[in-house]
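Please open the structure in your viewer and keep the selection panel at hand. The tour below goes from one selection to the next and says what is to be found at each stop.

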Amino acid sequence: MTTRKPIGWLRTHPRWIRWVMGCWLGIALLVPFLANDKALVAHYQGHWYFPVVQQWAVQAGMGRFDEMLRIPLHEKPPGYRVVVGPLIPYRAETLDASNGNYRSPFGPQQVSSWYYRHWLGTDQLGRDTLAGLLYGARIAWWVGMGAMVLSVVLGLLLGLLAGYYANDRLRISRSVVGSTLIFLGAGVVWQTGWTIPHPTGWSWLVTLMVLAGLGMVCWWLLQRLSWGRRLLVIPLDRWFLALVGWFKSLPGMVVVMAILPLFKSTGIWSLALLIGLFRWPLIGQYVRAEVLRIRHLPFMESVRLLGLADRKILWKHALPNVWPPVVVNAAFGVGAAVAVESALSFLGLGLGLQQVTWGTLLNAGRHYFPAWWLVVFPGVAIFMVVYVCNVLGDRWLARYEAGTPSSDGPS
Amino acid sequence: MGRFIVIRLAGMLVTLLALALALFTLYQWLPGDPIENLAGGSRRDQEAAFDPKLYAQRYAIFAGRYAMDRPYFYFSLVPGGMPGAFLRLSNHRQRSVFKSWYRQLGDADLVRSWVEELERLSASDQDMRVVNLARSASLQTSLGASIRQFRQLPEDLLQASEIKPLLDRLEVRLQSRQWLGLSLRWHGADNQFHQWVRGLWTGDFGRSMHDGRPVSAKIKEALAWTTSINGLAMLLAFLIAVPLGVYLAAFAKPGVARWVQFLLYAAYAIPVFWMATLLVVLFTSDTYGMNWLPSVTVSYGYEQGSAFQRIFRHLGQLLIPVLTLILTSLAYLTRQMEKSLHQQLEAPYLATARVWGMSRRRRIWSYAVPNALFPIITLLGSLFPLAIAGSVTLEFICNIPGMGRLLLDSILTKDWPVLFYTTLLIGGLTLIGIFLADLLYALLDPRVRQSGFA
């Protein structure tokens, strides 16, 4: 029996958490409009300009800025009227030369009006801390979400397959396995044995077709033999457990650190990829356990007896039942990914040098003790995100455990 | 039991070897060539007196010292007729370029004459365009692209360089496919991977590429620092967490418990490196009038005595890292202890004990707590990788020459031997930690002991 209470995920946590997550998402998406050294709408020499929107076109290589629009707002381009300005007139990288050398948020600042004030101070180069925090939030969001999505996809896929097929249910005829092996082996032999001509042209396609033809002929021959028609049992679950065990025995962050130099320039996505790659076993494990649990429940048995294809059973019937542990772990995972990302850029290994992130801000604060604002604000940001993710995960977990029949009940 | 241990140990060995293989493969892909730095190749462009011959000699010597002039693995699968010398070139980049040229041409003599021609042109006093092209072509994998670039040179330069006949021969050769066949070369133990892995049982890890000190000495010293910090912190955290967990689960008033739980929960979300940075910034200088903790900016190098003697001398320095580790792991351990004890308190056997008239104190301390400790013990094994990961940032902040610092430095200086053995050591210790935790769990819990490890 699986009478689990319907789970109203989003109603299980206090409102402020939704508020924090919403703010984070909003900042991640809208940060160019919130903090920018260009106006949103400007009037110059009788023309209207939308520099922030134009910035996207320029970054995409589809346009060019007028000379005047390149000058950051705080340097007051002459004859240039700002009609609508961003909330904070600085980008993370904007250098405010007159406010360099760590200006305190409360101390005197050389600004023309309160609009140009650095509300959270500046660093040594005169970069605005608040703008850095906002742009850092964007990086943290995408790294956290990217890593989470990757680990969920990998964990779900492998966990579902391992749990559903277990050690005995995936049977493939020897002819298929044999011809695939022959296909791969012949590919290696072919690729190594022939020289590579210079205009390579379509030779790879010809190669592929020849090899595929060879594979098919082999399959046809093998499936005519009684040896080839016999089924091989693939112990998918055992392989899965070995893989998970292997990943869990690795000190994830250390290995990520060791692999990072492999990337010529570490971008948001390569970082998310690496972090996600070391996170999926955790999710996969739970998914597998969940599938193993529901595998023998009556509804699963009956859809199988009805003759549904494995693909459909997995997608329509198994997947909806394994979401709870996935969602819980995904929430924890986002927090963990943000913590790892900021730790790496704190060490100067991650996105580090080119981009302002929470980690690099914190590291800057280490070099000049009186600049408490460089230590406190990014740290609070990281803490908030990790805390909110943990609360979210725990609430969902509690909700899920409350709805699950206990393990020693009838099942 | 014995069989279980043997199987697990064998599994650990396989895992370790797989990790070694993965790391070794990764290092072949990493950009940058540490031998080039050692041999002084990075100064190639600045120094007028740069002598390519001398550089090649120095390179070969350094490459030989780190076994880089051997084949990568126990065997290699190559196109038939490839000269064995191509697999033993000391320069990693040159090796892949030569192998690729052979795969395009299928003729070792032609490859050799192309190499000689390029060397002749690079060292000649021809037009700079020709010389530069020859230099860049000597590192370019695609022969077709190199030939095209040569063809685009002005006709008179091409004539003067006398390279045209060779270009024609190469071009003819490139236009057709030839079947070279396969050959499997067996190198035995004479390969790079074996040299690296051999260190695992001979204990000879070679020397650091950065400062030439023995890797084992560097690791030994770093390990002393990291284990003393983490061991101390873990012990203290454990000693605080268990009573605190018991107090929260069994004795605290609900209001107090909720507050303590909230604080611990919040502390759990504090990143280690932020906590340490805050402590350093706030409490180690007079900036904020709170110079209470010892400063961490003492340099440790070149002091006399064993690592432990030095650690003892700088015991004060360990205060901040240990404090940070305690605060962050305390939250986790206490929560787990509390949860575990809660589960025990609801168990029927305690209700039975109560009906028998056993005192509450006795029920909790003699029955519930020992049972609740089992899951905490297994946690110790899984805490190890976390501790190492945490110690990277911690040692960076507090300037402690431990494992994390060593790891970070070796990554930044591309010190492959140190990076390789440090990562392997951490992986191995993690495996042992998990194994010991399982073993301990089995020894303590009669149910697990009797079921013979499912």
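Among contacts in chain B between residues at least 6 apart in sequence, what percentage join residues at least 24 apart? The value is 69%, where contact means heavy atoms within 4.5 Å. Before going further, please note that this is a predicted model, in which local features need pLDDT of at least 70 and side-chain atom pairs count only at pLDDT 80 or more, while totals for chains, interfaces and linings use all residues. Residues are numbered from 1 along each chain as its sequence is written, chains are lettered from A and ligands numbered from 1 in the order in which they are written, and side-chain values use heavy atoms, with hydrogens and water left out.

**Chain B as a whole**

Select chain B and colour it by secondary structure: you should find 20 helices and 2 strands, these being DSSP runs numbered from the N terminus (helices are H or I with at least four residues, strands are E with at least two). Turn the chain along its principal axes, and its C-alpha trace spans about 105 × 60 × 40 Å. The radius of gyration of chain B is 31 Å, whereas a compact globule of 454 residues would have one near 22 Å; this radius is taken over C-alpha atoms, and the globule rule is 2.2 Å times the number of residues to the power 0.38.

Next, colour residues 32-202 of chain B as domain 1 and residues 215-450 as domain 2, bounds that come from an automatic or database domain assignment. The centres of these two domains, taken over C-alpha atoms, are separated by 51 Å, and 8 residues of domain 1 of chain B are in contact with 6 residues of domain 2 of chain B.

Now show the surface of chain B, which exposes about 22,600 Å², with 61% of it supplied by carbon and sulfur atoms; such accessible areas come from the Shrake-Rupley method with a 1.4 Å probe, and for residues only the protein chains shown count as cover. Of the 454 residues of chain B, 48% count as buried (buried means under 20% relative accessible area, exposed over 50%, and partly exposed in between, with a 1.4 Å probe and protein chains only).

**Two aromatic stops in chain B**

Select B:Trp416, which is found in helix 19 (residues 416-444) of chain B. Is B:Trp416 buried or exposed? B:Trp416 counts as buried because its relative accessibility is 6%. If you leave out residues up to four places away in sequence, B:Trp416 touches B:Tyr27, B:Leu30, B:Gly32, B:Pro34, B:Met68, B:Trp196 and B:Met209. Add B:Arg207 to the selection as well: B:Trp416 and B:Arg207 are 209 residues apart in sequence, yet 9.9 Å apart in space, C-alpha to C-alpha.

Move on to B:Phe238, which has its place in helix 11 (residues 215-251) of chain B. With a relative accessibility of 22%, B:Phe238 counts as partly exposed. Apart from neighbours within four places in sequence, the residues in contact with B:Phe238 are B:Pro243, B:Leu333, B:Ile376 and B:Leu380. B:Ile376 is 138 residues away from B:Phe238 in sequence, while the C-alpha atoms of the two are 9.4 Å apart.

**Chain A**

Now select chain A, which has 15 helices and 5 strands and a C-alpha trace that spans about 90 × 70 × 45 Å along its principal axes. Its domain assignment gives domain 1 in three stretches (1-29 + 91-169 + 235-411), domain 2 (37-85) and domain 3 (171-233). Measure in your viewer from domain 2 of chain A to domain 3 of chain A, and their centres, taken over C-alpha atoms, are separated by 59 Å. Of the 411 residues of chain A, 49% count as buried.

**Two loop residues with positive phi**

Most residues other than glycine have a negative phi. Select A:Gln45, where phi is near 50°, a positive value in a residue other than glycine. A:Gln45 lies in the loop between strand 1 (41-44) and strand 2 (47-49) of chain A, and is exposed, with a relative accessible area of 61%.

The last stop is A:Asn101, in the loop between strand 3 (80-84) and helix 4 (129-165) of chain A. A:Asn101 is not a glycine, although it has a positive phi of about 55°, and at 54% relative accessibility A:Asn101 counts as exposed.
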